[in-house]
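Q: I would like to learn how to read the features of a protein model one at a time. Could you take each general idea and then show me the case at hand?

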Amino acid sequence: MILEVIESWWVNPEGEWDDFEPYEWLVGKCPGCAGPYVLTRESDPDWRERYYQDEPVAEMPYVQSFPETHRALSRAVPLTVRESYDEAISCFRSGLNTAAVIMARRTVELVCKEQGLSEGTLAQKLRKMREQDLIDERLFDWSSVAKDLGNNGAHDFNPVAREDADDALLFTEALASYLYTFAERYETHRRREVASD
């Protein structure tokens, strides 16, 4: 999305550039709906070294602060799952991408546990869900996102990309919503149909 930038500024809360990592706020307007957006980004962690060696400072990615990119889960979702998901979202909003994907994977594990699946690897549990028709084929195909990224976050020392963390959270939200909101509403609809026949 291309935003119309209204204002942007760098924050220096301590007053001394050598004592902290500066960060930027940006306020923009969507050219389509005219809605407001607030973004923030940290400075390049190596900015001092680059600056003093007359090298270009790296452009760090913006993080969207408003409107929120992830929705809260329905209260139909078990509390343990919601709390784990909320922690994953908090990590994501703080720019902690590795922690976010690890928490997303933990949330998927909790979903499996709530569905009575506690034996085997996460991949085996998700396959069991598919075999029991608890999830459809598309959701099962997508499930590798949370599983693989969570594993990489825990065992790989390379940084997790913002987009990958976002994908893991979107899958986690979709899985919980499908199992606890969509499925419940569908069954309610089916019961009403049967009762009216």
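A: Let us begin with a term: a nonpolar core is a set of buried Ala, Val, Leu, Ile, Met, Phe, Trp, Tyr and Cys residues joined through side-chain atoms within 4.5 Å, where buried means under 20% relative accessible area. Please keep in mind throughout that this is a predicted model.

Q: With that term in hand, which residues of the largest nonpolar core touch the most other members?

A: The largest nonpolar core holds 33 residues, and those that touch the most other members are V111, M129, I135, L175 and L179. At least two residues of this core come from each of the helices α2 (79-93), α3 (97-114), α4 (122-131), α5 (137-142) and α7 (162-196). Apart from this core lies another one, of five residues, including L3, C30, Y37 and L39.

Q: What is I135 in contact with, leaving aside its neighbours within four places in sequence?

A: With those neighbours set aside, I135 is in contact with L126, M129, R130 and F140, and also with L175, Y178 and L179. Two of these partners, L175 and L179, are themselves named with I135 among the residues that touch the most other core members.

Q: Before going further into the helices, how many helices and strands does the chain have, and in what order do the elements run?

A: The secondary structure comes to seven helices and four strands, and from the N terminus on the order is β-β-β-α-β-α-α-α-α-α-α. Of the 197 residues of the chain, 35% count as buried. If one takes the contacts with a separation of 6 or more, residues 24 or more positions apart account for 52% of them.

Q: How should I read the packing of two helices, and how do the axes of α2 and α3 cross?

A: Two packed helices are described by the angle between their axes and the distance between the axes. Here the axes of α2 and α3 come within 8 Å and cross at roughly 170°. Because angles over 145 degrees count as roughly antiparallel, α2 is roughly antiparallel to α3. On the α2 side, the contact is made by T80, V81, S84, Y85, E87, A88, C91 and F92, while α3 contributes N97, A99, A100, M103, A104, R106, T107, L110, V111 and E114. Sorted by class, the contact of α2 with α3 has 11 nonpolar, four polar and three charged residues.

Q: How do I read the sides of a helix, and which residues of α4 are buried?

A: An α-helix has 3.6 residues a turn, so residues three or four places apart point the same way. In α4, the buried residues are L122, K125, L126 and M129. They cover an arc of only 95° around the axis, and therefore they lie on the same side of α4.

Q: What follows α4, and is D133 buried or exposed?

A: After α4 comes D133, whose phi is positive, near 60°, although D133 is not a glycine. D133 lies in the loop between α4 and α5, and since exposed means over 50% relative accessible area, its value of 61% makes D133 count as exposed.

Q: How do I read residues that are apart along the chain, and which separation in space do D141 and L126 have?

A: One sets the sequence separation beside the distance between C-alpha atoms, as the following cases show. D141, in helix α5, is partly exposed with a relative accessible area of 48%; D141 and L126 are 15 residues apart along the chain, and their C-alpha atoms are separated by 9.8 Å. E163, in helix α7, is exposed at 56%, and its C-alpha atom is separated by 9.0 Å from that of N97, 66 residues apart along the chain.

Q: Where do L96 and I2 lie, and what are their partners in space?

A: L96 has its place in the loop between α2 and α3 and is partly exposed, with a relative accessible area of 47%. L96 and V160 are 64 residues apart in sequence and 8.9 Å apart in space, C-alpha to C-alpha. I2 lies in the segment before β1 (4-11) and is exposed, with a relative accessible area of 72%; between I2 and K29, which are 27 residues apart in sequence, the C-alpha to C-alpha distance is 9.1 Å.

How values were computed. Residues are numbered from 1 along each chain as its sequence is written. This is a predicted model: local features need pLDDT of at least 70, side-chain atom pairs count only at pLDDT 80 or more; totals for chains, interfaces and linings use all residues. Side-chain values use heavy atoms; hydrogens and water are left out. Buried means under 20% relative accessible area, exposed over 50%, partly exposed in between (1.4 Å probe, protein chains only). Contact means heavy atoms within 4.5 Å. Axes are lines fitted to C-alpha atoms, for helices over the stretch in contact, and angles run from 0 to 180 degrees between N-to-C directions. Angles under 35 degrees count as roughly parallel, over 145 as roughly antiparallel, 65 to 115 as roughly perpendicular and the rest as oblique. Ala, Val, Leu, Ile, Met, Phe, Trp, Tyr, Cys and Pro count as nonpolar, Asp, Glu, Lys and Arg as charged, and the others, Gly among them, as polar. The arc is that of the directions from the helix axis to the C-beta atoms.
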